[in-house]
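Biologist: Please take me through this model slowly, and whenever you use a technical word, tell me what earns it.

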Amino acid sequence: MKVIIKENYDELSKEAAKMVEKQLRGKKNSVLGLATGATPLGTYKELVRLFKDEDLSFKDVSSFNLDEYIGLDENNENSYRYFMSENLFKLIDIKKENTYVPNGMANNPIEAGMEYDRTILENGGIDLQILGIGSNGHIAFNEPAKSLSLGTTLVRLAKATIQDNARFFDNIKDVPTEAITMGIGSIMRARKIILLASGKNKADIIGKLLNSPSITTNIPASLLLLHPNVTIICDKDAYSRVNK
Ligand code: PGA
């Protein structure tokens, strides 16, 4: 595992975008794993700039998002499909049919999850996966628990996650309580993983993750310590509780 510490959020975003750029310049038809949330926004902004100013093309790229809320369709401003369209897909030359987000409106989310994993495999697997981290250590919507699903499936959101994500909704009661999330196995099969952590509200969890490295399903992100090619990019605030 590699840890890169950057001065601030802007530098972190540029570093992450540079790694995506390197991946795409080396393999035009890369399969990207994408995340939503506040953290990757700066990375997407920089990728849009690279597309506009430096000929970085996404026309042969496929993408798979980590998760989607149950019950929100693509026109709902809080759906992750909407987030991705507004913040990245509409602004670059990726083909809509090559962008995959789990279907939060599926009649059978469990079946839809299995189908999602099959589609990832049919596309050759994920080359580069971008991840955020929840303040409770979740990755995607794999919440701390006794056991974690390997495959993409239906999950209930943890209280802490509902509270963290309420900032994006008018009212905490509007935050969906369930989601379809890529499973731990689906994430771990990615050939390369970048985990991004920014800000003081991530300092505790990054401290827990890095101070005495061990794995536990109570910190789902700790399972990444088993992956052969993970880079954690933190800004100074997120890194501030790691023992020097
Ligand atoms: P955030 O979410 O980027 O909005 O902090 C991260 C996550 O929950 O994975």
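Modeller: T119 lies in helix α4, residues 109-122; helices (H or I, at least four residues) and strands (E, at least two) are DSSP runs, numbered from the N terminus. This is a predicted model, in which local features need pLDDT of at least 70, side-chain atom pairs count only at pLDDT 80 or more, and totals for chains, interfaces and linings use all residues. Residues are numbered from 1 along each chain as its sequence is written, and side-chain values use heavy atoms, with hydrogens and water left out.

Biologist: Why is T119 called buried?

Modeller: The relative accessible area of T119 is 13%, and buried means under 20%, with exposed over 50% and partly exposed in between (1.4 Å probe, protein chains only), so T119 is placed among the buried residues. Not counting residues up to four places away in sequence, T119 touches F64 and Y100, where contact means heavy atoms within 4.5 Å.

Biologist: What makes I187 a buried residue, and which residues does I187 touch?

Modeller: I187, in helix α6 (residues 184-188), has a relative accessible area of 0%, so it is buried by the cut-off already given. Leaving out residues up to four places away in sequence, I187 is in contact with L66, L131, I139, A140, N142, M182, I193 and L224. I187 and T152 are 35 residues apart in sequence, with 9.2 Å between their C-alpha atoms.

Biologist: N142 is in that list; where is N142 placed, and why does N142 count as buried?

Modeller: N142 sits in the loop between β6 and β7 (153-156), and its 4% relative accessibility makes it buried. Apart from neighbours within four places in sequence, the residues that N142 contacts are S149, T181, M182, G183, I184, I187 and P220.

Biologist: What makes the pair of N142 and M182 a polar contact?

Modeller: A polar contact is a pair of N or O atoms within 3.5 Å; within protein, one must be able to donate a hydrogen and the other to accept it, and residues adjacent in sequence count only if both atoms are side-chain atoms. The side chain of N142 reaches the backbone oxygen of M182 at 2.9 Å.

Biologist: What is unusual about A140 and D55, and is each of them buried or exposed?

Modeller: Most residues other than glycine have a negative phi. A140, which is in the loop between β6 and β7, has a positive phi of about 50 degrees although it is not a glycine, and D55, in the loop between α2 and β3, has a positive phi of about 55 degrees, again without being a glycine. A140 is buried, with a relative accessible area of 9%, whereas D55 counts as exposed at 66% relative accessibility.

Biologist: How do you know that β1 and β5 stand at the edges of the sheet?

Modeller: The open sheet has 7 strands in the order β1-β10-β9-β6-β2-β3-β5, with parallel pairing, and two strands pair if DSSP finds at least two bridges between them. β1 (2-6) and β5 (99-100) each have a single partner strand, so one side of each is left without a neighbour in the sheet.

Biologist: Which strands pair with β10, and how many of its residues are buried?

Modeller: β10 (residues 230-235) pairs with β9 (residues 192-197) in the parallel sense over 5 bridges, with L195 opposite I232, and β1 also pairs with β10 in the parallel sense over 5 bridges, where K6 stands opposite D235. In a regular strand the side chains alternate between the two faces of the sheet. In β10, V230, I232 and C234 point one way and T231, I233 and D235 the other way, and 6 of its 6 residues are buried.

Biologist: Why can the chain be said to agree with a compact globule?

Modeller: The rule for a globule is 2.2 Å times the number of residues to the power 0.38, with the radius of gyration taken over C-alpha atoms. For 244 residues a compact globule would have a radius of gyration near 18 Å, and the chain has 17 Å, which agrees. Buried residues make up 53% of the chain, and, among contacts between residues at least 6 apart in sequence, 80% join residues at least 24 apart.
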